[in-house]
Structure formats: C-alpha cells, structure tokens
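These are my notebook entries on a single chain. I set down what I looked up, in the order in which I looked it up.

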Amino acid sequence: MQQTSALGSVRQGVFLTGFIVLCLAAGGVGAFLTAPAVSTWYRLITKPSWTPPDWVFGPVWTTLYIMMGCAGWLIWRSEDSPRRRPALLIWALQLALNFLWSPLFFGFHAVGLALIDIYLLWLLIGRFLVTVWALSRPAAFLFMPYWAWVTYATALNLGIWILNRT
C-alpha cells in the first residue's frame with residue numbers, strides 16, 4: 001500500500017510539472033516570438049501613460065504561468081464530475097488564446113485582432129472561474145490574479161489600439 005502511495009505521489013508530481021512546463025513553454029515561445037518586436041516596433045508605437053516598464057512583464061507572466069499550471073493540475077486531479085472535462089477544455093482553450101496573442105500583437109502588429117483575442121481570453125478565464133468554483137476553489141483562486149492581469153492587459157491593448165489607429 002505504501003509503495004502504491006509513493007508511486008501515486010510521483011505520478012502527481014510528474015503531472016503537476018507537466019502542466020507548469022506546458023504553460024511556461026507557451027509563455028517562453030511567446031516571449032521568443034515577441035523579443036524582436038519589443039526592441040523595435042513596440043518602442044516606436046504610442047502607449048498609454050500607465051504602461052508598465054518592459055521588465056515587469058517577464059516576472060508577472062512567469063508567476064501567472066506557474067499559477068495557471070497549478071490550477072490546471074488541480075482540475076485534472078479533481079474527482080470526476082460533469083464540470084471536470086469542460087473545465088479542462090476551457091483551461092486548454094484559454095492557454096491557446098493566451099499563446100496566440102503574442103504573434104498577433106508583436107509578430108503581425110495586428111493590435112485590433114490581438115484585442116479581440118485578449119477579450120475572448122478574458123471571457124474564457126471568467127468562464128473557467130465559474131466552471132471550477134464548485135470543483136476546486138484553490139484552482140479558481142489561482143486564476144483570479146491571472147484574470148486581474150488580463151483585465152489590465154486588455155485595457156492596455158485597447159489603449160494602444162486607440163492611440164495608434166490610422
């Protein structure tokens with residue numbers, strides 16, 4: 001029995017690590033795609049006065065990606081229920097939209113399309129919170145700072161879109 005428990009703990013650790021690595025990889029690839037435009041195009045566009053310095057984004061997103069991974073893992077390991085599968089699907093979709101934002105905004109300079117993407121992301125995060133609230137409060141709490149940051153990032157994206165429309 002004790003050996004089975006140890007194997008279960010190792011399995012849980014592997015899956016937790018996998019969820020976190022998946023999120024960090026999505027962010028890492030996004031950062032890789034973003035880097036060339038940050039030092040060129042992004043410096044030249046007009047940004048709202050309340051835009052944070054560039055160095056803020058890395059630590060904030062790293063923290064949020066770790067929290068997102070933990071939340072996904074908590075849902076994955078929760079008891080099977082009618083909400084579990086939709087919650088995991090929403091979790092995966094929001095990660096895809098999160099990833100898509102960087103190429104849209106920085107790669108294609110499609111600020112308007114990026115705004116649509118981030119708004120849909122914001123809606124999915126909200127839907128995730130509603131879906132998982134009864135399933136795993138810790139997972140919901142882990143997503144709340146993410147939703148707050150995406151709310152701010154959506155406003156920032158909107159501000160950039162307004163200031164740079166031609």
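**Entry 1: Surroundings of Gln 94**

I listed the contacts of Gln 94, leaving aside its neighbours within four places in sequence, and obtained Met 68, Leu 121, Leu 124, Phe 143 and Tyr 146. I note at the outset that the model is a predicted one. Gln 94 is placed in helix 4. Is Gln 94 buried or exposed? I found a relative accessibility of 0%, so Gln 94 counts as buried. Two of its contacts, Leu 121 and Leu 124, fall within the residue range 111-132 given for helix 5. Another, Met 68, falls within the range 54-77 of helix 3.

**Entry 2: Chain overview**

I then turned to the chain as a whole. I counted 6 helices and 0 strands, and reading along the sequence I recorded the pattern α-α-α-α-α-α. The C-alpha trace spans about 65 × 30 × 25 Å along its principal axes. The chain has 166 residues, of which 43% count as buried.

I looked up how contacts are distributed along the sequence. Among those between residues at least 6 apart, 78% join residues at least 24 apart.

For the accessible surface of the chain I noted about 9400 Å², with 72% of this area belonging to carbon and sulfur atoms.

**Entry 3: Charges and salt bridges**

How far apart are the mean positions of the positive and negative charges? I took the 10 positive and 4 negative charges of the chain and found their mean positions to be 2 Å apart. I recalled the general point that side chains of opposite charge can pair when their charged atoms come close. My search of the whole structure returned 2 salt bridges.

One of them joins the side chains of Arg 43 and Asp 54, at 2.9 Å from N to O. Arg 43 lies in helix 2 (residues 41-44) and Asp 54 in helix 3 (residues 54-77), so this pair ties together parts that are 11 residues apart in sequence. I also checked Asp 54 for exposure: its relative accessible area is 31%, which makes Asp 54 partly exposed.

A salt bridge also joins the side chains of Arg 84 and Asp 80, at 4.0 Å from N to O. The cut-off for such a pair is 4 Å. Which partner is buried and which is exposed? Arg 84 has 19% relative accessibility and counts as buried; the threshold for that class is under 20%. Asp 80 has a relative accessible area of 68% and is exposed.

**Entry 4: Cysteines**

I searched for disulfides and the count came to 0. Why is Cys 23 not bonded to Cys 70? The sulfur of Cys 23 is 8.8 Å from that of Cys 70, its closest cysteine sulfur, and this is too far for a bond. The cut-off I applied is 2.5 Å between sulfur atoms. Looking from the other side, I found that the closest cysteine sulfur to Cys 70 is the one in Cys 23.

I compared the accessibility of the two residues. Cys 23, at 0%, counts as buried, whereas Cys 70, at 21%, counts as partly exposed.

**Entry 5: Backbone at His 109**

I looked up the phi angle of His 109 and found a value near 55°, which is positive in a residue other than glycine. Where does His 109 sit? I located His 109 in the loop between helix 4 (84-107) and helix 5 (111-132). His 109 counts as partly exposed, at 38% relative accessibility.

**Entry 6: Distances from helix 1**

I closed with C-alpha separations from three residues of the N-terminal helix.

- Ala 31 is found in helix 1 (residues 2-38) and is partly exposed, with a relative accessible area of 46%. I found 9.7 Å between the C-alpha atoms of Ala 31 and Phe 106, which are 75 residues apart along the chain.
- Gly 28 is in helix 1 and counts as partly exposed at 37% relative accessibility. The C-alpha atoms of Gly 28 and Trp 61 are separated by 9.8 Å, with their positions 33 residues apart along the chain.
- Ala 6 is placed in helix 1 and is partly exposed, with a relative accessible area of 42%. From Ala 6 to Thr 62 I noted 30 Å, C-alpha to C-alpha, for a pair 56 residues apart in sequence.

Technical notes:
Residues numbered from 1 in each chain as written. Predicted model: local features only at pLDDT ≥ 70, side-chain atom pairs only at ≥ 80, totals over all residues. Heavy atoms only, no water. Helix = DSSP H or I, 4+ residues; strand = E, 2+ residues; numbered from the N terminus. Buried < 20%, exposed > 50% of the residue type's maximum accessible area, 1.4 Å probe, protein only. Contact = heavy atoms within 4.5 Å. Areas by Shrake-Rupley, 256 points an atom, 1.4 Å probe, with all protein chains shown as cover. Lys, Arg positive; Asp, Glu negative; His and termini not counted. Charge placed at Lys NZ, Arg CZ, Asp CG, Glu CD.
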